[in-house]
Amino acid sequence: MAIFSWFYSLFKPKVGLQSGMAKSVEEKKKMRVVVIGGGVGGSIVAYSLQSVADVVLIDQKEYYDIPWASLRSMVEPSIAERSVINHIDYLPRVQIIASSATNITDREVTTEDGQKVAYDYVVIATGHLESAPKTKAERLNEYKADFEKIKSVNTVLIVGGGPTGVELAGEISFAFPDKKLILVHRGPRLLEYIGSKASQMAMDWLTAKKVDVILDQSINLNHLNGGIVQTSSGETIKADCHFVCTGKPIGSSWLNESILQNSLNIHGKLVVDQNLRIRGHKNIFAVGDITDIKEIKQGCVAQKHAHVTAKNLKILMNGESESKMATYKPGWEMVIVSLGRKEGVAQFPLITISGYIPGKIKSEDLFVGRTRKQLGLNPYLDEK
């Protein structure tokens, strides 16, 4: 019995030390990790570290909008109830600042609303610039407004033939097969970031759905007059509404006058090492589209960045050797583009296919349930 009494004495609280006080002392020892950007990568980093660090998430909005479900939400607003997630729902232990970061020094991050947030470590995950409302309710209303707009018109113009433009055309053609769709792309083929075989498969699918695809032409929407606009070749297009699906700038302009100004390459991307730390800064990491890693920028890639970064931060905060840090290497590039709700086109390392198999992989649920589960949420139902 003596040995059990000795073992118990090691863990028995000392007289006068309340459990709440012990907890507060423990929490004070946690290092501060500031995550800038609450998108694909930032959400996973914050979620992974909230139990081991004092995490602060700085994001211009109060929610995470799963990007690969946003186009479906425009024609089926109910899906946004699952795909638009308030940060607080999956980050109960994280301080959330709903503002944009405007500067970073070697000690603190400044936000647009004037707050200065000290840090031990920073993760920059600001991706691309985007205009988004602050609250979930406002975002849901935007999706409902897009749905009503599409539903009420006859002709829809889509500008841009990258993955966003192609997938939006697919979603509208599936949900509203009676709509006239016109897609204008300035390049010689659709989906130029992947192989020509996949591009042709997407083109064939859209053509079969009677989407009017116009290549090698651009549109100046500033000259849109009464729903009529001319392409760069002089062709006249009449549409009741339009959606711009062209590329967005990298979200790094706020770093131009910061301590990281010399860490940006000519494209505005942050130069990172194999551990995803920004070159020359041992306590600042970057994940997602803002990194200079040569690879196709996709949500699944940003998630991999986030897992590597979270693992490395845990190693550093535990005082372990940097030699134990995980390294990131781009893997085999695989791309799936949804074509409506049941089909898609997929480019794998050795084969490119289209039809129901890619649709089964991605198009049915668009990985919404899987993404919610990664954040500790019910895959199918809103927690609220």
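## Overall build

Residues 24 or more positions apart account for 61% of the protein chain's contacts with a separation of 6 or more. The model is predicted. Its secondary structure comes to twelve helices and 19 strands.

The C-alpha atoms fill a box of roughly 85 × 45 × 45 Å along the principal axes. The chain has 384 residues, and 49% of them are buried. Its accessible surface is about 19,600 Å². Carbon and sulfur atoms hold 52% of that surface.

## A five-stranded parallel sheet

One open sheet has five strands in the order 5-2-1-9-16. The pairing is parallel. Strand 5 (95-98) and strand 16 (284-286) stand at the edges. Each has a single partner strand, so one side of each is left without a neighbour in the sheet. On average, neighbouring strands are turned by 15° against each other, direction ignored.

Strands of a sheet pair through backbone hydrogen bonds, either parallel or antiparallel. Here, strand 1 (residues 32-36) and strand 9 (residues 121-124) pair in the parallel sense over four bridges. V33 takes part in this pairing: its bridge partner in strand 9 is Y121.

## Helices across the sheet

Helix 3 (residues 40-49) lies across strand 1, strand 2 (54-59) and strand 9. Helix 3 runs at about 160° to strand 1.

Helix 10 (residues 299-317) lies across strand 1, strand 9 and strand 16. Its angle to strand 9 is about 175°. Strand 16, one of the strands it crosses, is an edge strand of the sheet.

## K362: a buried lysine

K362 sits in helix 11 (residues 356-363). Its relative accessible area is 10%, under the 20% cut-off, so K362 counts as buried.

What does the side chain of K362 meet in a polar contact? The partner is the side chain of E167, at 2.8 Å. Leaving aside neighbours within four places in sequence, K362 is in contact with E167, I336, V337, S338 and F367.

## Two leucines with positive phi

L191 has a phi near 50°. That is a positive value in a residue other than glycine. L191 is in the loop between strand 11 (180-184) and helix 9 (196-208). Its relative accessibility is 0%, so L191 counts as buried.

L276 also has a positive phi, near 70°, and is likewise not a glycine. L276 lies in the loop between strand 15 (241-244) and strand 16. That loop leads to strand 16, which stands at an edge of the five-stranded sheet. Is L276 buried or exposed? L276 is buried, with a relative accessible area of 0%.

## N220: a loop asparagine

N220 is found in the loop between strand 12 (212-214) and strand 13 (228-230). The side chain of N220 reaches the backbone nitrogen of N222 at 3.0 Å.

How far apart are N220 and Q230 in space? The C-alpha to C-alpha distance is 7.7 Å, for two residues ten apart in sequence. N220 has 35% relative accessibility. This value lies between the 20% and 50% cut-offs, so N220 counts as partly exposed.

How values were computed: Residues are numbered from 1 along each chain as its sequence is written. This is a predicted model: local features need pLDDT of at least 70, side-chain atom pairs count only at pLDDT 80 or more; totals for chains, interfaces and linings use all residues. Side-chain values use heavy atoms; hydrogens and water are left out. Buried means under 20% relative accessible area, exposed over 50%, partly exposed in between (1.4 Å probe, protein chains only). A polar contact is a pair of N or O atoms within 3.5 Å; within protein, one must be able to donate a hydrogen and the other to accept it, and residues adjacent in sequence count only if both atoms are side-chain atoms. Two strands pair if DSSP finds at least two bridges between them. Axes are lines fitted to C-alpha atoms, for helices over the stretch in contact, and angles run from 0 to 180 degrees between N-to-C directions. Contact means heavy atoms within 4.5 Å. Accessible areas come from the Shrake-Rupley method with a 1.4 Å probe; for residues, only the protein chains shown count as cover.
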